[in-house]
Amino acid sequence: MMRKSAMVSGLVGLVMLLGSGQAWSGLRTLLLPGNTDSAAEEEPAPGQLGALGELLAPQGDAQPSLQQSLDVLVQGLLQPSGRNRAGTLPAAQGSLLAQQIDVGADAVRRHFLLYQPPSAALDPARTNYPLVLVLHGLNQSAQQMSRSNSGRIWQLAADGMFQDLVEGGFYVVFLSGTGIGGGSLGPASAATWNDCDTMRFNNPSSADDVGYTRAVVDYLDEAFPSAAATPGLPIDRTRVYAYGFSNGAGMALRLGREAGDLVAAVSAVSGVDPGDANDECLEFEVDGISARRPAAIMHGTADLLTPYANAACGGNGLAQNCRLGHADTVTAWKTASDGNFMVEPLPIAFAKSAVNARPASAPADRTEIACFHHLRNIRLRANGTPFRDSAGNLLPAQPDDVRVEDCIIAGGGHVEPSILTYVGRATELSLGRQNNDAESVFLAARFFARHRR
């Protein structure tokens, strides 16, 4: 307890020094080793490859607020750029390409990173392949997310590295948010997402991030330079998915609510919906009925940044104000989906992988994870009990019947669960404990495989 209190006090003290540009520059250096204040390189034309800058700077001459500075500090501890605190994961075998497009009538320049697995990972018997959209946390970047533990595992999964657990052969896109107020930023710049929260204290962005996401998928599908006779990547438009962490989880949930004609399913780690009073999402509807896309939602009960329980307005000043808790977010997702629901426990045991990068020195896991499938359209007997087959499975049990996968991490903090990697002791002291009985990427990928649009 003393060590944790000292750590928190030290972080708060450091954040309070951010009133000057000099201190802010020092914080950037602390969080992102190797970063400099050198001028950004000239931007290439839309669609061309671009040099990745290493800048983590506030917009214009404005200094960040205390909340924004704390968020940068927390996210920097959580997923430091350019290195893996857990050990060494093998290098991905595909290509990570920097891309940019102009979005909307105002031609706002937006960036993203595309990961293309090696051709050997793509099944030649198929004519198109799934696409996973990965969304970074608050004040992170597409580049940081691509270098994070989960970002690297997504790339390895696309390569087919974990074929016994997750089917490989798909494209991964690391999307990039905008600056405060919606300003355009490069893929290496700290950014935020405009989730469904109308409270600008919680959500400082006003960008059309749903429109941006649509534009990225359309560009990749229709205009991406290709050696084939026609441009575009062979994307399966019925199998586009979104995975997000923290602020990115809130954006993934927004896509699941508003873009049901784009994404087949979403996964959110440490993310919840805003409260009813400050929720601006427009529900995607089919025949006048709300039709949220299926969602896998994971959350730690000891998460202090995005609390597991409901957070009323006017709380302690952190970004969780006026947010639904995990349980109410899951309930809202089910309420907005059609059908009667049954809840079944989900076995989540994963064998330790040969590429495990979790160090032997990592402390014992003191969290527990339990996952549940919320299935709809289950046949019921007259007495209300469900029909089951000889193996005890619910009938019918079609893959798409699983509308919500609810994973609760008892004692878990604001970190992605992982069996392959470890976030480090400093991160656990500041953000809470990490579960290492499950891999968030594997859980999400398995859930995605159940669903098509």
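**Close-up 1. R257 and its salt-bridge partners in the predicted model.** R257 is buried, with a relative accessible area of 3%. Keep in mind throughout that this is a predicted model. The side chain of R257 pairs with E283 in a salt bridge, and their closest N and O atoms are 2.7 Å apart. That contact links distant parts of the chain, since R257 belongs to helix α7 while E283 sits in the loop between β6 and β7, 26 residues apart. Unlike its buried partner, E283 is partly exposed, with a relative accessible area of 24%. There's a wider network to look at here too: salt bridges link R257, D273, D279, E283 and R292.

**Close-up 2. Helix α7, under cover.** What does the helix that carries R257 look like along its whole length? Helix α7 takes in residues 247-258, and its end C-alpha atoms lie 17 Å apart. At 1.5 Å a residue, the 12 residues should span 16 Å, so the model agrees with expectation. As for cover, 12 of its 12 residues are buried. The list of buried residues includes N247 and G248 at the start, M251 and L253 further along, and R257 and E258 at the end. Packed against these buried residues are the strands β3 (129-135), β5 (235-245), β6 (265-269) and β9 (295-300), along with the helices α6 (209-222) and α8 (326-335).

**Close-up 3. Strand β5 and its neighbours on either side.** Pull back a little from α7 and you get a right-handed β-α-β unit made of β5, α7 and β6. Strand β5 is itself mostly covered, with nine of its 11 residues buried. Six bridges connect β5 to β3, and those two strands run parallel. One pair to pick out is L133 and its bridge partner in β5, A242. β5 also runs parallel to β6, joined to it by five bridges. Here F245 stands opposite V269 in β6.

**Close-up 4. Two loop residues with positive phi.** Which residue has a positive phi in the loop between β5 and α7? That would be S246, with a phi of about 60° although it isn't a glycine. S246 has 10% relative accessibility, so it counts as buried. N139 is another one to look at: its phi is positive, about 60°, and it isn't a glycine either. You'll find N139 in the loop between β3 and α4. With 15% relative accessibility, N139 counts as buried too.

**Close-up 5. Helix α5, wrapped up by its surroundings.** Helix α5 covers residues 149-159, and 10 of these 11 residues are buried, so the rest of the structure largely encloses it. Among the buried ones are N149, I153, W154, L156 and D159. The cover over them includes strands β2 (108-116), β3, β4 (171-175) and β5, plus helices α4 (142-147) and α10 (440-449). Right after α5 comes G160, with a positive phi near 90°.

**Close-up 6. The two disulfides.** The count of disulfides in this model comes to two. One joins C196 to C281, with an S to S distance of 1.6 Å. C196 is in the loop between β4 and α6 and C281 in the loop between β6 and β7 (285-286), so the pair ties together parts that are 85 residues apart in sequence. Both of these cysteines, C196 and C281, are buried. The other disulfide is formed by C371 and C407, whose sulfur atoms are 2.1 Å apart. The link of C371 and C407 is right-handed, with 115° about the S-S bond. C371 belongs to strand β11 (residues 368-376) and C407 to strand β12 (residues 402-410), so this pair ties together parts that are 36 residues apart in sequence. Are these two cysteines buried or exposed? C371 counts as buried at 2% relative accessibility, and so does C407 at 1%.

**Close-up 7. Two further salt bridges between loops.** The model's salt bridges come to 17 in all. In one of them, R323 and D197 bring their side chains together at 3.2 Å, N to O. R323 is in the loop between β9 and α8 and D197 in the loop between β4 and α6, so the pair ties together parts that are 126 residues apart in sequence. R323 and D197 are both buried. Another salt bridge joins E167 and R126, with the closest N and O atoms 3.3 Å apart. This pair links distant parts of the chain, with E167 in the loop between α5 and β4 and R126 in the loop between β2 and β3, 41 residues apart. E167 is partly exposed, with a relative accessible area of 48%, and R126 is partly exposed as well, at 22%.

Key
Residues are numbered from 1 along each chain as its sequence is written. This is a predicted model: local features need pLDDT of at least 70, side-chain atom pairs count only at pLDDT 80 or more; totals for chains, interfaces and linings use all residues. Side-chain values use heavy atoms; hydrogens and water are left out. Helices (H or I, at least four residues) and strands (E, at least two) are DSSP runs, numbered from the N terminus. The expected span of a helix is 1.5 Å times one less than its number of residues. Buried means under 20% relative accessible area, exposed over 50%, partly exposed in between (1.4 Å probe, protein chains only). Contact means heavy atoms within 4.5 Å. Two strands pair if DSSP finds at least two bridges between them. A crossover is right-handed if, with the strands pointing away from the viewer, the path from the first strand over the helix to the second runs clockwise. A disulfide is a pair of cysteine sulfur atoms within 2.5 Å. A salt bridge is a side-chain nitrogen of Lys or Arg within 4 Å of a carboxyl oxygen of Asp or Glu.
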